[in-house]
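Trainee: Could you take one part of this model and go through it closely with me? I would like to see how it connects to its surroundings, with the cut-offs spelled out.

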Amino acid sequence: MNIEYRKLLSGESTMYRAIRLESLERFPESFGATYEEARNTEKLRIEYDIENQTPERFVWGAFAAGELIGICVFVKDAGSSGNIYQMYVKEGFQGKNIGYGLIDAVIREARKLFHTIDIFLDVIPTNERAYYLYRKIGFKEVEKETEDRKIDANIVMQYQH
């Protein structure tokens, strides 16, 4: 299976929306939004980001035969850190290292753009597959509290390589 990893182009926001809604419907406990909220939102924030391409907010996709099968979002904070969000690979493609490839591509892009950036992500404690994938890539658990978000039940991890 040949997988292409690349940044979503400005005209691909509808492809993003479809896979984002699928992720929320299939795994509601893994994300900080609900399927109903997202479905009823005319345009999601990340759709705007895809359409208006900026280095600080981007989405990478994994494509198989032209089909978007996975997404991973990066958002840079005001300082020298950024966060990975909305990591998702379609069910029939899970367990094939596609998630690893997506996160690796996002990390490489963030480092290319911002050089010495600290990269964080959150994972819910019950999502063991994701947790071990993040550990395999090089993320370690850390304590992190930001002004806009208090530490919650999620595990906060930082990329350590």
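Mentor: Here is a walk through one strand and what surrounds it, with a short tour of some charged pairs afterwards.

A few ground rules help. This is a predicted model, so local features need pLDDT of at least 70 and side-chain atom pairs count only at pLDDT 80 or more, while totals for chains, interfaces and linings use all residues. Residues are numbered from 1 along each chain as its sequence is written, and side-chain values use heavy atoms, with hydrogens and water left out.

The protein has a mean pLDDT (the predictor's confidence in each residue, from 0 to 100) of 91, and 94% of its residues reach 70 or more. Confidence is lowest in helix 2 (residues 35-39), with a mean of 90, and highest in strand 6 (residues 139-141), at 97. Helices (H or I, at least four residues) and strands (E, at least two) are DSSP runs counted from the N terminus.

Now to strand 4, which covers residues 81-89. Of its nine residues, eight are buried, so the strand is mostly covered; buried means under 20% relative accessible area, exposed over 50%, and partly exposed in between, with a 1.4 Å probe and protein chains only.

Which strands does strand 4 pair with, and in which sense? Strand 3 pairs with strand 4 in the antiparallel sense over six bridges, where pairing requires that DSSP finds at least two bridges between two strands. These two strands form a hairpin, with four residues between them. Within this pairing, V73 has Y85 of strand 4 as its bridge partner. Strand 5 (residues 118-123) and strand 4 pair in the parallel sense over four bridges, and here G82 stands opposite I119 of strand 5. To get from strand 4 to strand 5 the chain passes through helix 4, and this β-α-β crossover is right-handed. The term means that, with the strands pointing away from the viewer, the path from the first strand over the helix to the second runs clockwise.

The same elements return in the packing. In soluble globular proteins, nonpolar side chains tend to be buried together. A nonpolar core here is a set of buried Ala, Val, Leu, Ile, Met, Phe, Trp, Tyr and Cys residues joined through side-chain atoms within 4.5 Å. The largest one has 32 residues, and those with the most contacts inside it are F74, I84, I103, I119, Y134 and F139. Among the elements that each supply at least two residues are strand 3, strand 4, helix 4 and strand 5. Helix 4 gives the most, with eight residues. Leaving out residues up to four places away in sequence, I103 touches C72, I84, M87, L133, Y134, I137 and F139, a contact being heavy atoms within 4.5 Å. A second, separate core of 17 residues includes V73, along with I19, L21 and L44.

Just past strand 4 comes a charged link. K90, in the loop between strand 4 and helix 4, pairs with E67 of strand 3, 23 residues away. Their salt bridge brings the closest N and O atoms to 3.1 Å, the criterion being a side-chain nitrogen of Lys or Arg within 4 Å of a carboxyl oxygen of Asp or Glu. K90 is buried at 18% relative accessible area, while E67 is partly exposed at 36%.

The structure holds 12 salt bridges. R45 and D49 form another, with closest N and O atoms 3.1 Å apart; because they are four residues apart in helix 3 (residues 45-51), about one helical turn separates them. D49 is buried, at 10%. E51 and K43 also meet, at 2.8 Å from N to O; E51 is partly exposed at 28%, and K43 is partly exposed at 30%.

Finally, helix 3 also holds E47, which is buried at 4%. Not counting residues up to four places away in sequence, E47 touches S13, Y16, R17 and E42.
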